[in-house]
Amino acid sequence: MALKSVPDQNVADRVTVELREAIFSGDLAPGERLVERKLAERLGTSHIPVREALTRLTQEGLVERLPHRGARVAALTSRDLEEISSLRTLLEQFAVVRVQDAWDPAKEAKLRKTVQQMVQAAEKGSNARVFELDRRFHEQLWEMADHRMLMTLNAQLRSRITGFLRAANAALEPEARVAHARTHDLIVDAIAGGDPGTAQRVMAEHIGEAAARLASHTDDEAEPAAASG
């Protein structure tokens, strides 16, 4: 795990950012134990801001605390998968219809460019870049929807959705990753086509395929802890 040394100013905030990014990148893997002392040593700080950061990440759902076992990176359970994918489907179906209502060449060009870059990154085997662009594509859709309450929900759910995207990308074989990148063009095609039902269906299929890939990678040993929250 390559974590950067954190300066004294705004230490807890910086530690939170560093640990969150390490989880998103996979440097801290699902199920990996998070020992405050060891993390503090790697980050060049005391255990107090690390403890605060872990508390924040627990609230975001990225870290879980288990009785008598300490903290660990949250593992995706089947319940998590169903809840995240079903909620994400509803919100992104709403978003694509909003984007469709205000569709113009500039929006299409922006999304097409992101997809093109994603495909190129997949062809080069740059997994981290594919994940970054996948996240950017969906963020762009939410922004284009131009709905303040939707963006508020997005901010609240960003950590969970980003974790979903990271896991979905990690579950792909190299050739499948290229095909997955190309499916984002189908979303743009559906929006540009002007039919709301088609756009919603294509988005639901896109998210459903990602959820199906993850079904065999869930960790239901963590289910009781997840359900109690």
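**Entry 1: P105**

I looked up P105 and found it in helix α5, which spans residues 105-123. The model I am reading is a predicted one. I then asked whether P105 is buried or exposed. P105 has a relative accessibility of 66%, and a residue over 50% counts as exposed, so P105 is exposed. I also checked P105 against A192: the two are 87 residues apart along the chain, and their C-alpha atoms are separated by 9.3 Å.

**Entry 2: the sheet**

I turned next to the strands. I noted an open sheet of three strands, in the order β1-β3-β2, with antiparallel pairing. Which strands stand at the edges? They are β1 (33-34) and β2 (63-66); each has a single partner strand, so one side of each is left without a neighbour in the sheet.

I followed the pairing of β2 with β3, which covers residues 70-73. These two strands run antiparallel and are joined by four bridges. On this pair I recorded that L66 stands opposite G70 in β3.

I then looked for a helix against the sheet. Helix α3, residues 47-60, lies across β1, β2 and β3. I noted its angle to β2 as about 105°.

**Entry 3: the largest cavity**

I searched for enclosed space. Rolling a probe the size of a water molecule over the atoms shows where empty space is left. The count came to two cavities of 30 Å³ or more.

The largest cavity holds about 70 Å³ of space. I listed its lining as E92, R135, H138, E139, W142, N154, R158, I161, T162 and L165. The elements giving two or more residues to this lining are α6 (127-144) and α7 (148-170). Which element gives the most? I found that α7 does, with five residues. By class, I recorded four charged, three polar and three nonpolar residues in this lining.

**Entry 4: the second largest cavity**

For the second largest cavity I noted a volume of about 40 Å³. Its lining consists of R88, D134, H138, F164, L165, A168, H180, H184, H206, A210 and R213. I asked which elements each supply at least two residues of this lining. They are α6, α7, α8 (174-193) and α9 (196-214). By class, this lining divides into three charged, four polar and four nonpolar residues.

Comparing the lists, I noted that H138 and L165 appear in the lining of the largest cavity and also in that of the second largest.

Methods:
Residues are numbered from 1 along each chain as its sequence is written. This is a predicted model: local features need pLDDT of at least 70, side-chain atom pairs count only at pLDDT 80 or more; totals for chains, interfaces and linings use all residues. Side-chain values use heavy atoms; hydrogens and water are left out. On a 1 Å grid over the protein atoms alone, a cavity is a set of points where a 1.4 Å probe fits but cannot get out, and a pocket is an open set with protein on both sides within 12 Å along at least five of seven lines; lining residues have an atom within 4 Å of a point. Grid points are joined across faces, edges and corners, and a volume is the space filled by probe spheres set on the points. Ala, Val, Leu, Ile, Met, Phe, Trp, Tyr, Cys and Pro count as nonpolar, Asp, Glu, Lys and Arg as charged, and the others, Gly among them, as polar. Two strands pair if DSSP finds at least two bridges between them. Contact means heavy atoms within 4.5 Å. Axes are lines fitted to C-alpha atoms, for helices over the stretch in contact, and angles run from 0 to 180 degrees between N-to-C directions. Buried means under 20% relative accessible area, exposed over 50%, partly exposed in between (1.4 Å probe, protein chains only).
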